[in-house]
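Q: I am new to this structure and would love a close look at a single part of it. Could you walk me through the open sheet and what surrounds it?

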Amino acid sequence: MGADARADALARGLAMGVVLGSALTMVATSARARDALLRAARGGDGGRRGDDAARRAKDALITRLGLIPHPEGGFFVETYRAGCAPMSSRGKTAFDEDARERGDASAATTRRTEPNDDGKRNQMTSIYYMLTRDSDHQWWALNASDHVHYHHAGGAVTYHLVSADGTYERRTLGSDVENGETPQLVVAGGTYKAAVLEPGAEFALIGEGVSPGFDFRDFEFVAASSLMARNAACFDDANHLIKPSPEDTFDHYYQSTPTASEDYFTPTRDDDPTEA
C-alpha cells in the first residue's frame, strides 16, 4: 500500500472512530437520561429537579398518547380493537363493514349479558393505561376476559388479585426483575383485581392486551360484600380500594379531552366500604 493509500485509510479510520465515538456518547447519554427519568418517576431522584422532570414526562405522555380518565382510576386510551377503529365503540363490541364481511375479527363466547347479546366479541383489544401520583390506584374490578399487562415506563404497580377459587396474591408489575418485579403479568378472566402505584412514584405507564376483546358488558366493579365473601383476609388488607360510588354506564368518559393529569384527582375513598 502506497503512502497516499495509507494516509487515506488512516483518515477514514479516524473519521469512523469519531463517528463511532459520537454514537457511543449519544447512546450513553440517552441511557443516562433514561435511567435518570426512571429514578425520578420512581421517586428515587430525591430532588425537585427530578420531581419536575417526572411530572413533565407524565404530562407529556398523557397529552401525546391522548390519555383520558379511566373509570377504574388513572388514565387510558384504546389503541387496538380487532375489526373496528379503536375508541370509536366506547368500550363495546363493534365491527366495521369490512370486518363483518370477512368474519375473521370476532370471537364467539357463551356470554349473554342482555337480550340482544349474541356472545360475539372482538378478538382482541389493547390499551395504554397510566396511574399517577394524583390518581394512584385502580379500583377493585372484575373482567370476564383474560388480561395481559406490560410495563412500559415509570414506577412499579402492585396488583391485588383474588382468583375465582378465593386464592389471594399480590404481584408487582415493573422493570426491576432482580428484586421480584415482573415486566409482564397475566390475569385470568374472572379474577378480582385492584392495583396501586408504588409510593413516591410520579407515574407508571403500562399496556393491557385483552382477549376476547374488552366489552363493558363483561365488566363490573367489585362490591364489598363480594370481596368479603371471596377472601376475608384480602378484604381486611385492601378494602380501601373498593370504589365508593361505582357507575354502570361509561359513555361520559369518552367525551373527555386529553389534558394534564393534575386536573383529575382520585375520588375520596369511602370510610365504610361494608355499606357497598
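Which residue is the bridge partner of Y150 in β12?

A: Happy to help! The bridge partner of Y150 in β12 is G207. Please keep in mind that this is a predicted model, so let us begin with how confident the predictor is and then return to the strands.

The mean pLDDT of the protein chain is 84, and 74% of its residues reach 70 or more. Two stretches deserve caution. Over residues 22-34 the pLDDT stays under 50, and the model has zero contacts for them beyond four places in sequence. Residues 258-276 also have a pLDDT below 50, but this stretch has 44 contacts beyond near neighbours in sequence in the model. Where pLDDT is low, the predicted coordinates should not be read in detail.

Now for the overall layout. The protein chain has 276 residues, of which 41% count as buried. Five helices and 13 strands make up its list of elements. Among contacts between residues at least 6 apart in sequence, 75% join residues at least 24 apart.

The pair you asked about belongs to an open sheet of six strands, in the order β1-β2-β5-β12-β7-β10, with antiparallel pairing. At the edges stand β1 (68-69) and β10, each with a single partner strand, so one side of each has no neighbour in the sheet.

Let us walk across the sheet, starting at β1. This strand is joined to β2 by two bridges, and the two run antiparallel. P69 stands opposite F75 in β2. The hairpin of β1 and β2 has five residues between the strands, and there G73 takes a positive phi near 110°. Strand β2 (residues 75-81) is mostly covered, with five of its seven residues buried. On the way to β5, six bridges join β2 to that strand, again in the antiparallel sense. One of the facing pairs is E78 with its bridge partner I127 in β5.

Further along the order we come back to your pair. Strand β7 (residues 146-154) is joined to β12 by eight bridges, and these two strands run antiparallel. Besides Y150 and G207, G154 stands opposite A204 in β12. On to the edge: β7 and β10 pair in the antiparallel sense over four bridges, and V148 stands opposite V186 in β10.

Next, what is packed around these strands? In soluble globular proteins, nonpolar side chains tend to be buried together. Here the largest nonpolar core has 26 residues, and V157, Y159 and F219 have the most contacts inside it. Several elements give two or more residues to this core: β5 (125-132), β6 (137-143), β8 (157-162), β10 (184-187), β11 (192-197), β12 and β13. Another core lies apart from it, with 13 residues, among them L142, Y192, A194 and V222. V157 shows how the sheet ties in with the largest core: leaving aside its neighbours within four places in sequence, its contacts include L131, A195, V196, L197 and A204. A204 is also the residue that G154 stands opposite.

Just after β12, the chain is worth following a little further. D218 lies in the loop between β12 (203-211) and β13 (219-221). With a relative accessible area of 11%, D218 is buried, because buried means under 20%. Its side chain and that of R121 are joined by a polar contact of 2.8 Å. Beyond its neighbours within four places in sequence, D218 is in contact with R111, T113, R121, L142, N143 and A144. L142 is among the residues of the 13-residue core.

In strand β13 we find E220. At 46% relative accessibility, E220 counts as partly exposed. Leaving aside its neighbours within four places in sequence, E220 is in contact with A141 and L142. E220 and P246 are 26 residues apart in sequence, yet their C-alpha atoms are 8.7 Å apart in space.

Finally, a word on cysteines. The structure holds zero disulfides. C84 counts as buried at 13% relative accessibility, and C234 is buried too, with a relative accessible area of 0%.

To bring this back to your question, Y150 faces its bridge partner G207 in β12, in a pair of strands joined by eight bridges.

Technical notes:
Residues are numbered from 1 along each chain as its sequence is written. This is a predicted model: local features need pLDDT of at least 70, side-chain atom pairs count only at pLDDT 80 or more; totals for chains, interfaces and linings use all residues. Side-chain values use heavy atoms; hydrogens and water are left out. A disulfide is a pair of cysteine sulfur atoms within 2.5 Å. Buried means under 20% relative accessible area, exposed over 50%, partly exposed in between (1.4 Å probe, protein chains only). A polar contact is a pair of N or O atoms within 3.5 Å; within protein, one must be able to donate a hydrogen and the other to accept it, and residues adjacent in sequence count only if both atoms are side-chain atoms. Contact means heavy atoms within 4.5 Å. A nonpolar core is a set of buried Ala, Val, Leu, Ile, Met, Phe, Trp, Tyr and Cys residues joined through side-chain atoms within 4.5 Å. pLDDT is the predictor's confidence in each residue, from 0 to 100. Two strands pair if DSSP finds at least two bridges between them.
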